[in-house]
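Subject: Structure handed over, with notes on what was found

Hello,

Here is the structure I promised to pass on to you, and below it I have written out what was found, going slowly from one part to the next. Please keep it open beside the text while you read.

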Amino acid sequence: GKRQEYTGIILKSGQHLLDLINQVLELSKIENENVEMNPVAIAPSKVLRECVDMVWEEAKRRHIEIVDATCECAAEARFMGDQVRVRQILINLLSNAVKYNRPGGRVTVNCGERDGMIRMSVVDTGAGIPVHRRDEVFRPFHRLGREAGQIEGSGIGLALARELVLRMHGRIGFESEEGQGSTFWFELPKAGPED
């Protein structure tokens, strides 16, 4: 009954706190450069499949469809990145796209290639980000005015994602239209045939 429910809430809060502490520690570690990166050649569609599994349940619960459009990239396209870190970034972008979406919405993941970089984009059909909040997006602890809402998360994920992408010699950014949704993307250097 009630007691079980409270225990559940406490455990969940404990887990969130633990995640938050870990992310804060990690962010400071990355900012101080003490993080090992082991870049390998990664196929966009393969890493996406691994990451979609992590957000699948939540997406199903919110009736959100996840569309894999990474076939837009050449089948042999690979980018250079640390596998664990790339997954961390992609899971963060996917879980935000699910969390901040509308019920029955859609998340589409695209992939493209330009100037020796491979870009993965996560497109959602959520409410979009107000223009006056856009410079806060990659700052730690900004959750764009959603602090009071029912949305879980630490507000540190994007700051962490940005540090990780920069450490892997990539770029990260977003476009957003209020009422239409947002696209978050990251680019990493294209792997050569020898990688």
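In this predicted model, the largest nonpolar core is made up of 42 residues, and the ones with the most contacts inside it are L90, L94 and F186. Two or more residues each come from α2 (44-61), α3, β4 (106-114), β5 (117-124), α4 (157-167), β6 (171-177) and β7 (181-189), and the element that gives the most is α3, with 7 residues. As background, nonpolar side chains in soluble globular proteins tend to be buried together.

F186 is a good residue to select in the viewer. Leaving aside residues up to four places away in sequence, F186 touches V86, I89, L90 and L93, and also I118, R119, M120, V165, R171 and I172.

Next comes the helix α3 itself, which covers residues 83-99, a run of 17 residues. From its first C-alpha to its last it reaches 24 Å, close to the 24 Å expected at 1.5 Å a residue. Its buried residues are R85, V86, I89, L90, N92, L93, L94, N96, A97, V98 and K99, and you will see that this list includes charged residues such as R85 and K99. At the N-terminal end, α3 is capped by D82, which places a side-chain oxygen 3.1 Å from the backbone nitrogen of V84.

The loop between α3 and β4 holds N101. Is N101 buried or exposed? Its relative accessible area is 11%, and because residues under 20% count as buried, N101 is buried. The side chain of N101 is joined to that of T125 by a polar contact of 2.7 Å, and, not counting residues up to four places away in sequence, N101 touches I64, R106, V107, D124, T125 and G126.

Now to the strands. Five of them, in the order β2-β4-β5-β7-β6, form an open sheet with mixed pairing. Why is one side of β2 (65-69) and of β6 left without a neighbour in the sheet? Both strands stand at the edges, each with a single partner strand, so there is nothing in the sheet on the other side. From one strand to the next, the twist averages 15°. The helix α2 packs on this sheet, where it touches β2, β4 and β5, and its direction makes about 175° with that of β2. At the other end of the strand order, β6 and β7 pair in the antiparallel sense over 7 bridges, and R171 stands opposite E187 in β7.

The helix α4 is largely enclosed by the rest of the structure, because 9 of its 11 residues are buried; these are G157, L158, A159, L160, A161, E163, L164, V165 and R167. After α4 comes H169, whose phi is positive, near 60°.

Finally, a view of the whole chain may help you place these parts. The protein has 4 helices and 7 strands, which run α-β-α-β-β-α-β-β-α-β-β from the N terminus on. Of its 195 residues, 44% are buried, and among contacts with a separation of 6 or more, 74% are between residues 24 or more positions apart.

With best wishes

Key. Residues numbered from 1 in each chain as written. Predicted model: local features only at pLDDT ≥ 70, side-chain atom pairs only at ≥ 80, totals over all residues. Heavy atoms only, no water. Expected span 1.5 Å × (residues − 1). Buried < 20%, exposed > 50% of the residue type's maximum accessible area, 1.4 Å probe, protein only. Polar contact = N/O pair within 3.5 Å; in protein donor to acceptor, adjacent residues only side chain to side chain. Core = buried A, V, L, I, M, F, W, Y, C linked by side-chain atoms within 4.5 Å. Contact = heavy atoms within 4.5 Å. Pairing = 2+ DSSP bridges. Axes fitted to C-alpha atoms, helices over the stretch in contact; angles between N-to-C directions.
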